[in-house]
Amino acid sequence: MIVKQYTIQYIDALNQEVKASIVASSKNEALSRLCIDKTNLISVSIKYFLGRGIPINVQLQILTRVAGGVLSGETTKQYLPSIVDDFRVLKNNAALVLEEIKKGKTLSELLSHLNIHPLCIKIIRNGEQSGTLADSIKEAKQLLKLEDKIQKATGKTLLSELFYLLSAFALIFIGPTFVVDFYQDIENNGAVMHRRISTDILFFLNDFSIYGLIILILVISVIALRLKLFLQRFRRIYPMSIFP
């Protein structure tokens with residue numbers, strides 16, 4: 001999925017020029033989420049890229065570091081900037097997080113700017129409200145581990161199904177070629193082979209295998225596109241992403 005990242009240069013409350021980057025659908029949304037007044041805006045640049053999100057194993061490492069900071073009694077200002085600096089995938093949001101820390105935002109609000117799984121953010125927010133932040137981070141990590149298992153299991157299933165599908169394609173579009181060559185070799189040696197309906201079908205598949213394969217590829221492409229659109233809508237209903 002192609003997403004837009006806005007890099008905004010503006011004047012902050014200390015009358016200093018600051019840059020912040022955020023993924024948003026429009027400039028107005030980016031300014032709204034960053035709480036930037038249009039009168040303080042200097043410039044805006046847009047970068048398009050494929051948004052694949054942060055890998056689950058990296059999110060687990062981030063939450064482990066966060067849990068360590070929480071258990072040690074440190075404030076987000078003490079431990080979160082170093083975490084952002086240590087992970088390359090978080091570099092683009094470093095300036096934004098520092099600004100949000102200065103505003104006194106909660107941990108869940110800060111993590112929402114780091115592309116952490118939305119359900120994890122909700123769990124941590126509930127922990128902040130109930131006073132069980134450390135336990136909520138542990139629960140969020142368990143959620144990520146569960147999703148990781150689901151993605152890996154789904155990936156293995158898709159690979160096995162793909163293997164069977166490719167095998168079927170080979171039998172349909174490549175297999176007839178060997179049978180036709182066998183019949184032609186026999187006929188070239190002067191022997192007469194009586195054809196049946198089954199052999200006629202094989203000859204037909206051999207004659208139109210290229211065209212059939214092109215049609216089949218087009219059909220599969222259309223189905224895959226429709227399936228992708230379905231999954232994108234389905235993920236709005238089902239809280240966990242089935243596919244990586």
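This passage walks through the fold, one helix, one pocket and a few loop residues of the protein. The model is a predicted one.

The broad layout comes first. The protein has 10 helices and three strands. Read from the N terminus, the order of elements is β-β-α-β-α-α-α-α-α-α-α-α-α. Of its 244 residues, 31% count as buried. Among contacts with a separation of 6 or more, 56% are between residues 24 or more positions apart. The accessible surface adds up to about 16,100 Å², and carbon and sulfur atoms hold 61% of that.

Helix H3, which spans residues 76–86, is a good place to look at how a helix sits in this fold. Its buried residues are Thr76, Tyr79, Leu80, Ile83 and Val84. These five cover an arc of only 135° around the axis, so they sit on the same side of H3. The general background is simple: an α-helix has 3.6 residues a turn, so residues three or four places apart point the same way. Lys77, Gln78 and Asp86 are on the other side of H3, and these are exposed. As for what lies over the buried residues of H3, the cover includes H2, H4 and helix H5 (107–111).

One of those covering helices, H2, runs over residues 56–71 and holds Gly68. With a relative accessible area of 40%, Gly68 is partly exposed, because that figure falls between the 20% and 50% limits. Gly68 also has a link in space to H3 territory: its C-alpha atom is 8.8 Å from that of Tyr79, although the two residues are 11 apart along the chain. Tyr79, for its part, is among the buried residues of H3.

Another covering helix, H4, takes in residues 94–102, and Glu99 is part of it. Is this charged residue buried or exposed? Glu99 has 12% relative accessibility and so counts as buried, since the limit for buried is under 20%. Setting aside neighbours within four places in sequence, Glu99 is in contact with Tyr10, Asp12 and Val18.

Glu99 turns up again at the second largest pocket. The volume of this pocket is about 200 Å³, and strand S1 (2–11) and H4 are the elements that give two or more residues to its lining. There are 13 lining residues, and those nearest the centre are Tyr10, Asp12, Ala13, Glu99 and Lys103. Two of these, Tyr10 and Asp12, are also contacts of Glu99. By type, the lining splits into seven nonpolar, one polar and five charged residues.

A little further along from Asp12 and Ala13 comes Asn15, in the loop between S1 and strand S2 (17–23). Its phi is near 65°, which is a positive value in a residue other than glycine. At 62% relative accessibility, Asn15 counts as exposed, because the limit for exposed is over 50%.

The loop between H5 and H6 offers a contrast in burial. His113 belongs to this loop and is buried, with a relative accessible area of 11%. Not counting residues up to four places away in sequence, His113 touches Asn93, Leu96, Val97 and Glu100. Leu96, Val97 and Glu100 fall within the 94–102 range of H4.

Asn115 is also in the loop between H5 and H6, but with a relative accessible area of 42% it is partly exposed. Beyond its neighbours within four places in sequence, Asn115 is in contact with Ile54, Gln59 and Asn93. Asn93 is thus touched by His113 and by Asn115. Asn115 and Leu90 are 25 residues apart in sequence, yet their C-alpha atoms are 8.6 Å apart in space.

Then there is Ile116, which lies in the loop between H5 and helix H6 (118–130). Its relative accessibility is 5%, so Ile116 counts as buried. Residues up to four places away in sequence aside, Ile116 touches Gln59, Ile62, Leu111 and Ile121. Gln59 is a contact of Asn115 too. Finally, the C-alpha atoms of Ile116 and Ile56 are separated by 8.9 Å, with their positions 60 residues apart along the chain.

Definitions and conventions:
Residues numbered from 1 in each chain as written. Predicted model: local features only at pLDDT ≥ 70, side-chain atom pairs only at ≥ 80, totals over all residues. Heavy atoms only, no water. Helix = DSSP H or I, 4+ residues; strand = E, 2+ residues; numbered from the N terminus. Buried < 20%, exposed > 50% of the residue type's maximum accessible area, 1.4 Å probe, protein only. Contact = heavy atoms within 4.5 Å. Areas by Shrake-Rupley, 256 points an atom, 1.4 Å probe, with all protein chains shown as cover. Arc of directions from axis to C-beta. 1 Å grid on protein atoms, 1.4 Å probe; cavity = no way out; pocket = protein on both sides within 12 Å on 5 of 7 lines; lining within 4 Å. Points joined across faces, edges and corners; volume = space filled by probe spheres on them. Nonpolar A, V, L, I, M, F, W, Y, C, P; charged D, E, K, R; others polar.
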